[in-house]
Amino acid sequence: MLSLDVQRSTRSPSYESSECPLIRTWGGTNKTLSVAELNERLEEMETIIRRFSEELVQQLALRDELDFEKEVKNSFISALIDVQNRQKEHRELLKKKKKLKGGAGTSQGHYLTTVIPYEKKGHPPSLEDLQILTKILQAMRDDSDKVPSLLTDYILKGELFPFF
C-alpha cells in the first residue's frame with residue numbers, strides 16, 4: 001500500500017523527484033521494507049512534513065500581511081474619495097447659495113476645506129502613515145471636531161518638516 005502511494009506521488013506534477021528524498025529513494029520499486037527501513041522512511045517523511053509546514057506557516061503569515069496592507073490601502077482610498085466627493089458637493093452648494101443670496105455660505109463642512117500637509121518622498125507612505133491619514137480623512141468627512149488635534153498629532157509626530 002505504501003509503495004502505491006509513493007508511485008502515485010512520483011506521477012504528481014506538483015513534486016519534483018529531487019524535492020522528496022523518499023520518491024528518489026524508492027523510485028517506483030515494489031520491494032518489502034524492514035521495520036528499520038520503514039522507521040527511517042517515517043523520520044524522513046516527518047522531516048519533510050515539518051519543512052513544508054514551516055514554509056506554509058511563513059506563506060500564510062505573508063498572505064495575512066499582504067491582506068492587511070491591501071485593507072489599509074483600500075480604506076485610505078475610500079476615505080479620500082469620500083472626502084473629495086463631499087468637497088465637491090460643498091463647493092457646488094456654496095456656489096448655489098452665493099447665487100441665491102449674494103453672500104457667503106453656511107459653516108457646514110467646516111473641516112472639508114482642511115489641507116493635510118504631506119511631503120512627497122522617494123517611496124510611498126508607510127502603512128502607519130496611511131492609517132493616520134485615513135483617520136484624518138474620516139474625521140474630515142464626518143466634519144468632526146477631532147480634525148485639528150489629529151492634524152496636530154500627525155504634524156508633530158511625522159517627519160513632514162525636517163527643520164523642527
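Buried here means under 20% relative accessible area, exposed means over 50%, and partly exposed is in between, using a 1.4 Å probe and protein chains only. Keep that in mind as you click around.

The model is predicted, so to speak of local features takes pLDDT of at least 70 and side-chain atom pairs count only at pLDDT 80 or more, while totals for chains, interfaces and linings use all residues. Residues are numbered from 1 along each chain as its sequence is written, and side-chain values use heavy atoms, with hydrogens and water left out.

**Whole chain**

Start with everything shown as cartoon. You'll find 5 helices and 0 strands, where helices (H or I, at least four residues) and strands (E, at least two) are DSSP runs numbered from the N terminus. Reading from the N terminus, the order is α-α-α-α-α. Of the 164 residues, 18% count as buried. Switch on the surface: the protein exposes about 12500 Å², and carbon and sulfur atoms supply 56% of that (Shrake-Rupley method, 1.4 Å probe; for residues, only the protein chains shown count as cover). Take contacts next, meaning heavy atoms within 4.5 Å. Among those between residues at least 6 apart in sequence, 59% join residues at least 24 apart.

**Helix α5**

Now select residues 147-157, which make up α5. Which of its residues are buried? Colour Val147, Leu151 and Tyr154. Look down the helix axis and these buried residues fall within an arc of 65 degrees, so they line one face of α5; the arc is that of the directions from the helix axis to the C-beta atoms. Turn to the face pointing away from the buried side, and there are the exposed residues Leu156 and Lys157.

Zoom in on Leu151, which lies in α5 and is buried, with a relative accessible area of 11%. What does Leu151 touch, leaving aside neighbours within four places in sequence? Show Thr114, Ile116, Pro117 and Ile136. For Pro117, try a C-alpha to C-alpha distance: Leu151 and Pro117 are 34 residues apart along the chain, and their C-alpha atoms are separated by 8.7 Å.

**Across to α4**

Add α4 (127-141), which is included in what covers the buried residues of α5. Pick Asp129 in α4. Is Asp129 buried or partly exposed? Asp129 is partly exposed, at a relative accessible area of 22%. Draw a line from its C-alpha to that of Tyr154: the two residues are 25 apart along the chain, and the separation is 8.6 Å.

**The α4-α5 loop**

Next, select Asp143 in the loop between α4 and α5. Check its phi: the value is near 55 degrees, positive in a residue other than glycine. Asp143 is partly exposed, with a relative accessible area of 27%.

Ser144 sits in the loop between α4 and α5 too. A polar atom of the Ser144 side chain lies 3.1 Å from the backbone nitrogen of Lys146. Not counting residues up to four places away in sequence, Ser144 touches Tyr111 and Ala139.

**Last stop: rings**

Jump to Arg51 and Phe52. The charged end of Arg51 sits over the Phe52 ring, 4.8 Å from its centre (the test asks for NZ of Lys or CZ of Arg within 6 Å of the ring centre and within 35 degrees of the ring normal). How many aromatic pairs does a search of the whole structure find? The search finds 0 aromatic pairs, with rings of Phe, Tyr and Trp (its six-membered ring) pairing if their centres lie within 6.5 Å, and planes under 30 degrees apart counted as stacked, over 60 as edge-to-face and the rest as tilted.

Terms used. A polar contact is a pair of N or O atoms within 3.5 Å; within protein, one must be able to donate a hydrogen and the other to accept it, and residues adjacent in sequence count only if both atoms are side-chain atoms.
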